[in-house]
Amino acid sequence: MLTHKSGKLEIQSPADEFIKYFIRKKSHVSFFYAAEDLKFEILSADIASRTVTVTILGTLISKSYKMVKATFTVAPREEDITKSCLEYTFEFNEINNYIGITVIVESLLTYILISDGNNINGDNFKYNSFDAGYPAEECFKRYVNEFSDDEKDIYGEFRNAPNLADDMYDDDESIFQMMEVTVTITPKKGDNNRSCVKWTIKVEKVDDNEEESGVFLITADHIRETIMFAIKTL
């Protein structure tokens with residue numbers, strides 16, 4: 001059964017600039033899932049019309065869909081041509097409802113918003129990693145003191161970390177039922193006096209049918225700021 005879902009998304013990058021930035025690589029990995037579970041691959045791109053079509057693949061997709069595609073077109077906003085409006089249409093050939101349509105839509109829209117932020121801030125800016133000016137062992141030992149013992153293990157991973165999004169919403173407004181943040185600190189390649197800090201985010205929503213892609217980006221920003229503050233105050 002074919003199902004379609006369409007909508008609009010505002011981004012901060014100029015239209016031509018964003019399209020060129022997005023299509024610079026063919027394959028893109030979802031911010032919230034591993035590459036084997038959910039990824040986006042470009043099928044076609046037309047720079048003149050600023051239109052891109054991607055196929056969405058992975059183990060989560062194959063369990064529920066024969067095919068998932070998304071096409072989006074980016075155009076300058078009428079009120080501010082330095083920013084853009086992205087119009088999208090998803091096409092689903094559904095087998096069952098193992099993974100809902102909203103989850104897939106949010107994954108791509110969140111990735112687009114993150115790509116927009118990376119484009120605006122430059123290639124050295126990443127939502128889920130940064131370099132720290134401390135040796136990894138020292139950085140890890142001092143950083144884990146920010147968390148209680150039951151939230152860390154010897155591998156430098158944080159399980160069931162505090163729901164950082166709760167600070168931004170009242171209890172009855174939170175859209176997240178669970179949030180898991182895993183942080184890994186390793187020596188920077190070629191420089192043992194510095195570290196690479198990376199983290200992944202796994203969330204479960206209260207209602208999978210509630211579409212709030214912007215909230216995921218706000219949450220990612222908040223997590224990044226919290227981790228960077230802890231590192232920089234060492």
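This is a short chat about the sheet, its helices and one residue of a predicted model.

Reader: What are the ground rules for the model?

Author: The model is predicted: local features need pLDDT of at least 70, side-chain atom pairs count only at pLDDT 80 or more, and totals for chains, interfaces and linings use all residues. Residues are numbered from 1 along each chain as its sequence is written, and side-chain values use heavy atoms, with hydrogens and water left out.

Reader: OK, the sheet. What is the strand order?

Author: The order is 1-6-5-4-3-2, in an open sheet of six strands with antiparallel pairing. Strands are DSSP E runs of at least two residues, helices are H or I runs of at least four, and both are numbered from the N terminus. Two strands pair if DSSP finds at least two bridges between them.

Reader: Which strands stand at the edges?

Author: Strand 1 (2–11) and strand 2 (27–29). Each has a single partner strand, so one side of each lacks a neighbour in the sheet.

Reader: How many bridges join strand 3 to strand 4?

Author: Seven, between residues 39–46 and residues 51–57. A45 has V52 in strand 4 as its bridge partner.

Reader: What does helix 3 touch in the sheet?

Author: Helix 3 (residues 101–121) packs on the sheet and touches strand 1, strand 2, strand 3, strand 4, strand 5 and strand 6. Contact means heavy atoms within 4.5 Å.

Reader: New topic: N119. Buried or exposed?

Author: N119 is buried, with a relative accessible area of 14%. Buried means under 20%, exposed over 50%, partly exposed in between (1.4 Å probe, protein chains only).

Reader: Which residues does N119 touch?

Author: S13, E17 and Y21, not counting residues up to four places away in sequence. N119 itself is in helix 3.

Note on methods: Axes fitted to C-alpha atoms, helices over the stretch in contact; angles between N-to-C directions.
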